[in-house]
Amino acid sequence: MPESAMHADLVKAILAFAARELGPLADIAVREDSVRPLRNERPPRISGYTPDVYAVDVPTTRTLIGEAKTRIDLETEHSRRQIAAFLGYSAYSTGGIFVLAVPAIARPAARSLVKRLVSANPA
């Protein structure tokens, strides 16, 4: 599966999770062009980065930030800074939830990265 198709599938998985977690009234904005954005909305920028999915329930009691990364993309410095920014934002958001979707082969690396980033920023 090409990288862009893989990324689109990962974003779809985040959307399905958001719908289950936040309910049918969730206000969801999607960045990924291969997944049709709802109402042509885009997520807000967070510390200079735009997440693939930004969702809140209605009324807002939880905020979900979702990012999809392929195995190769997960290993970049840009991705590390981006994920750190999203984790920090989630820590201070109303009911913050951060979702990192990766292919199965990248799960151990993703868990390790998130654990390191959380340890570095205890918030």
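This passage describes the fold of the chain and the setting of strand 3 in a predicted model.

The chain contains 4 helices and 4 strands, and these elements follow one another along the sequence in the pattern α-β-β-β-α-α-β-α. Of its 123 residues, 45% count as buried, while the accessible surface comes to about 6900 Å², with 55% of that area belonging to carbon and sulfur atoms. Among contacts between residues at least 6 apart in sequence, 61% join residues at least 24 apart.

Strand 3, which spans residues 63-68, is mostly covered, with 6 of its 6 residues buried. In a regular strand the side chains alternate between the two faces of the sheet. In strand 3, T63, I65 and E67 point one way, whereas L64, G66 and A68 point the other way, and the residues of both sets are buried.

The pairing of strand 3 was examined next. Strand 2 (residues 53-56) is joined to strand 3 by 4 bridges, and these two strands run antiparallel; the connection between them is a hairpin of 6 residues. Within this pair, Y54 has I65 of strand 3 as its bridge partner, I65 being one of the buried residues that point the same way as T63 and E67. Strand 3 is also joined to strand 4 (residues 96-101), here by 6 bridges and in a parallel arrangement. One of the bridge partnerships between strands 3 and 4 links A68 to A101 of strand 4, and A68 is itself buried, pointing the other way from I65. Strand 3 is thus bridged both to strand 2 and to strand 4.

Note on methods: Residues are numbered from 1 along each chain as its sequence is written. This is a predicted model: local features need pLDDT of at least 70, side-chain atom pairs count only at pLDDT 80 or more; totals for chains, interfaces and linings use all residues. Side-chain values use heavy atoms; hydrogens and water are left out. Buried means under 20% relative accessible area, exposed over 50%, partly exposed in between (1.4 Å probe, protein chains only). Contact means heavy atoms within 4.5 Å. Accessible areas come from the Shrake-Rupley method with a 1.4 Å probe; for residues, only the protein chains shown count as cover. Two strands pair if DSSP finds at least two bridges between them.
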